[in-house]
Amino acid sequence: MSFLQDLNPAQQEAVTATEGPVMIIAGAGSGKTRALTYRVAHLISLGVRPFEILALTFTNKAANEMKSRIIDLVGKESQDVWMGTFHSVLARVLRVEAEKIGFGRNFTIYDTDDSLSAVKGIMSSLGLSQQQFSPHGIRNRISLAKNHLMNPREYGSAAADLFEEKAALVYDQYERALRTNNAMDFDDLLIRPLELFNQSPKTLEKYQHRFKYILVDEYQDTNRAQYVLIRKLGDYHQNLCVVGDDAQSIYAFRGADIRNILDFENDYPDCRIFRLEQNYRSTKTILGAADQIIKNNRDQIKKNLWTDNPQGEQITSLETEDEKDEGYQIALAILHESSRLKLDLKDFAILYRTNAQSRSLEDALRRNGIPYTIVGGIEFYKRKEIKDVLAYLKVIVNPKDNESLLRIINYPYRGIGETTVKKIRTSAEQGHETIFEALLRVDSLAGVNERTKKHITEFSLLIKKYLELKVNMSASELARTLVDDLGILGDLKKDGTPEALSRWENIQELLSAITEFLRESSDAPLSSFLEEVSLISDIDTWERDRNAVTLMTLHSAKGLEFPVVFISGLEEGLFPLYPSDIEHAELEEERRLFYVGVTRTMQKLFLSYVRSRIRYGDVTFPVRSRFVDEIPQELISIVRTGARRRERTQLQSEEERRGYGTSVNRRKKERLPSLEVDFHQGNSETHDGFEGATESGISLKVGCTVEHEMFGRGRVLGISGMGDSAKAIVQFETAGRKHLMLKYANLRVV
DNA sequence: ATTAGGCGATTTTTT
DNA sequence: ATCGCCTAAT
């Protein structure tokens with residue numbers, strides 16, 4: 001086939017070895033995704049029917065991208081390939097088969113929050129003190145137990161201390177609760193299919209026969225449950241192809257088992273192993289550094305990554321004063337490098353270990369007028385108002401879903417208080433029925449006064465009404481009617497505070513999202529929208545093409561590449577991140593994470609660390625990360641900034657005004673020479689041609705479009721004042737006309 | 001029923 | 001340092 005010519009010999013071999021178990025060890029940047037994509041395309045061109053192929057990826061985004069590339073190669077019919085994350089593909093299977101294991105096909109998917117509140121509910125009905133036993137910790141134990149395929153009984157008998165004993169107790173109840181709620185958590189999406197296959201060998205056989213070819217991406221990050229699933233599903237045809245790189249295993253913390261890749265040869269003695277060792281992504285410098293870094297890890301598969309690419313530039317290490325200086329230096333470097341290397345802003349990525357680090361970086365970018373997108377952080381679908389509306393929809397799809405029902409029973413306020421809820425819960429528990437069923441029998445509730453009973457009846461009538469409506473109404477129509485009915489939008493608008501306004505917008509956005517979803521996948525039921533929402537991840541919503549610097553965690557960056565990469569916060573304790581003492585295995589995982597970060601780089605890598613950083617509200621003076629020193633000296637040069645001439649940025653003075661900062665901070669700041677002039681000169685250079693540059697570091701002129709955190713987008717109608725007292729009049733698209741103090745408004749030029 | 005105050009988590013990374 | 005949740009007090 002002609003398209004195979006796009007591949008190098010090693011890739012071709014890996015792609016054409018279609019039969020039998022195959023493991024592809026693919027180094028960073030060696031065209032792993034390409035190999036997978038072409039393998040699927042190749043299979044189809046050989047006459048394999050698309051729906052006989054199962055391809056499991058790590059993110060939905062990866063799946064979608066791969067799919068569209070396959071369609072380009074072999075045509076449209078290939079959209080029938082079963083491709084997606086483990087979770088989404090298995091959810092799809094469960095939607096069909098759930099009844100065989102005692103669930104309804106309309107089961108709800110619980111996210112971590114939902115499952116946490118279920119745990120809390122159970123703890124309080126068991127009378128377990130939430131102070132003595134953290135619900136969070138209990139939930140984690142349960143999740144871990146599930147990932148190791150231990151049921152409550154097994155977990156209970158292996159319990160090593162009081163905490164685990166209690167956790168086992170909760171675990172048992174939790175499983176029952178999920179079953180009565182007709183709900184599954186993330187772990188269940190992997191485990192329930194196993195239960196299904198054990199209970200119904202025929203069903204297993206069906207899928208075993210259907211999936212003639214199975215491909216698994218990022219195999220190094222699969223956990224025990226995923227491993228068992230793959231083994232089972234592939235058992236009949238044995239055409240299993242796993243692709244991975246042990247050096248990039250970074251999810252052990254959530255149960256990923258690196259042994260899955262290390263032991264593949266033992267599991268499949270007749271397997272063939274291919275190695276992709278030519279790197280197409282990075283310069284020799286980058287690759288050399290990465291190689292030296294990973295050599296410090298003991299456990300790994302030997303491989304020899306090489307490249308034909310040029311030597312490239314040295315790595316630059318930035319030692320900066322503190323996190324603000326760090327952000328500033330990175331911003332400067334971006335401006336400098338983008339003009340020097342003729343790059344777009346979308347060619348830059350700033351990576352960090354923890355989400356908390358993004359704030360100072362964002363501030364610096366904003367101050368310098370550099371557009372950015374951030375992956376992760378506060379997710380849209382996790383916001384309260386969104387979760388509230390979604391909870392209504394979930395109940396309408398699955399009235400057994402107690403968690404969602406409890407969430408909305410008194411929202412908006414309808415006079416059903418905590419005490420009443422408690423009574424309802426007890427009544428439901430005693431009658432072995434769901435809460436919704438208990439609500440319908442409101443008359444038999446003891447100790448509830450008539451007025452409250454009336455409120456309850458009104459509520460259950462409301463739900464009943466929508467249960468009927470959903471039969472004939474389109475999902476988007478239903479959602480709109482519901483929101484209207486509840487009067488949420490009106491309430492928020494009346495409230496008038498910026499927070500309420502932003503919530504109002506969010507709900508509107510949710511409604512549009514539902515409409516949009518239904519238009520794309522015609523006549524899909526509401527439940528499939530809810531499923532999509534539950535399984536969406538941060539990286540899935542990232543717009544690659546937007547011309548802006550990308551900020552994200554190192555974990556999110558896996559699988560991506562950028563011409564210029566900054567890895568920030570390279571300090572002992574932060575990266576590698578460790579609590580007090582770090583175990584060897586954990587340190588190795590941190591190092592692999594660093595390796596992943598370094599190998600995202602195509603041309604030029606910057607590493608940064610600070611001399612002082614505020615963490616947990618305290619000033620700390622960290623030590624440079626050992627990882628920096630693992631890079632050979634000839635590949636790296638160190639630049640120190642801010643030692644004498646620390647810039648006083650606007651943010652600091654803002655913080656002072658608001659009275660933030662420890663006394664240590666304040667004293668320190670007072671001693672600092674004010675070098676605002678320097679800073680602002682440097683700053684204004686980047687804004688040539690703009691009018692009304694203000695001290696807050698934002699440059700506005702009349703007529704430009706800006707974005708406000710609360711009010712959304714708007715047009716600048718006028719600017720007045722200087723420095724701290726600078727004001728702008730902005731006409732917002734949704735929020736009307738506002739007079740804003742630039743110093744506080746945090747306007748972003750769009 | 002509402003509010004103030006306190007306490008713990010957050011600051012690991014995600015489906 | 002800040003947030004959000006929980007509890008206790010009014």
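Author: Two strands pair if DSSP finds at least two bridges between them. Keep that in mind as we walk through this predicted model.

Reader: Happy to. What is the order of the strands in the open sheet of seven strands?

Author: As a general idea, strands of a sheet pair through backbone hydrogen bonds, either parallel or antiparallel. In this structure the seven strands of the open sheet follow the order 13-14-12-15-16-11-19, and the pairing is parallel. At the edges stand strand 13 (372-374) and strand 19 (636-640); each has a single partner strand, so one side of each is left without a neighbour in the sheet. From one strand to the next the twist averages 20 degrees.

Reader: Let's look at one edge. How many bridges join strand 13 to strand 14?

Author: Three bridges, with strand 14 (residues 549-553) running parallel to strand 13. One to look up is T373, whose bridge partner in strand 14 is T550. Helix 16 (residues 358-367) packs on the sheet here, touching strand 12 (348-352), strand 13 and strand 14. The direction of helix 16 makes about 160 degrees with that of strand 13.

Reader: And strand 15: how many of its residues are buried?

Author: Buried means under 20% relative accessible area. Six of the six residues of strand 15 are buried, so strand 15 is largely enclosed by the rest of the structure. Its pairing with strand 12 is parallel over four bridges, and A349 stands opposite V565 of strand 15. With strand 16 (residues 601-610), strand 15 pairs in the parallel sense over five bridges; there, F562 has T601 of strand 16 as its bridge partner.

Reader: Now the aromatic residues. How should I read a ring pair?

Author: A pair of aromatic rings is described by the distance of the centres and the angle of the planes. The count for this model comes to 15 aromatic pairs. Take F133 and F163: their ring centres are 6.0 Å apart and their planes stand at 40 degrees, so the pair is tilted. This pair links distant parts of the chain, with F133 in the loop between helix 5 (112-126) and helix 6 (135-147), and F163 in helix 8 (residues 162-180), 30 residues apart.

Reader: Is F133 buried or exposed?

Author: F133 has 5% relative accessibility, so it counts as buried. Compare another pair, F575 and F627: the centres lie 5.5 Å apart with the planes at 80 degrees, so this one is edge-to-face. F575 sits in the loop between strand 15 (562-567) and helix 26 (584-598), while F627 belongs to helix 27 (residues 626-629), 52 residues apart. F575 is buried at 0% relative accessibility, and F627 is buried at 0% as well. Elsewhere, ring pairs link W82, F197, Y207 and F211 into a cluster.

Reader: Which ring does the charged end of R231 sit over?

Author: The ring of Y268, at 4.9 Å from its centre. Another case is K493, whose charged end sits over the ring of W504, 4.2 Å from its centre.

Reader: One last residue, S338. Which backbone oxygen does its side chain reach?

Author: That of L335, at 3.0 Å. S338 is found in helix 15 (residues 323-340) and is buried, with a relative accessible area of 15%. Leaving aside residues up to four places away in sequence, S338 touches A333, L343 and F348.

Methods
Residues numbered from 1 in each chain as written. Chains lettered and ligands numbered in written order. Predicted model: local features only at pLDDT ≥ 70, side-chain atom pairs only at ≥ 80, totals over all residues. Heavy atoms only, no water. Helix = DSSP H or I, 4+ residues; strand = E, 2+ residues; numbered from the N terminus. Axes fitted to C-alpha atoms, helices over the stretch in contact; angles between N-to-C directions. Contact = heavy atoms within 4.5 Å. Phe/Tyr/Trp six-rings, centres within 6.5 Å; stacked < 30°, edge-to-face > 60°. Buried < 20%, exposed > 50% of the residue type's maximum accessible area, 1.4 Å probe, protein only. Lys NZ or Arg CZ within 6 Å of the ring centre and 35° of its normal. Polar contact = N/O pair within 3.5 Å; in protein donor to acceptor, adjacent residues only side chain to side chain.
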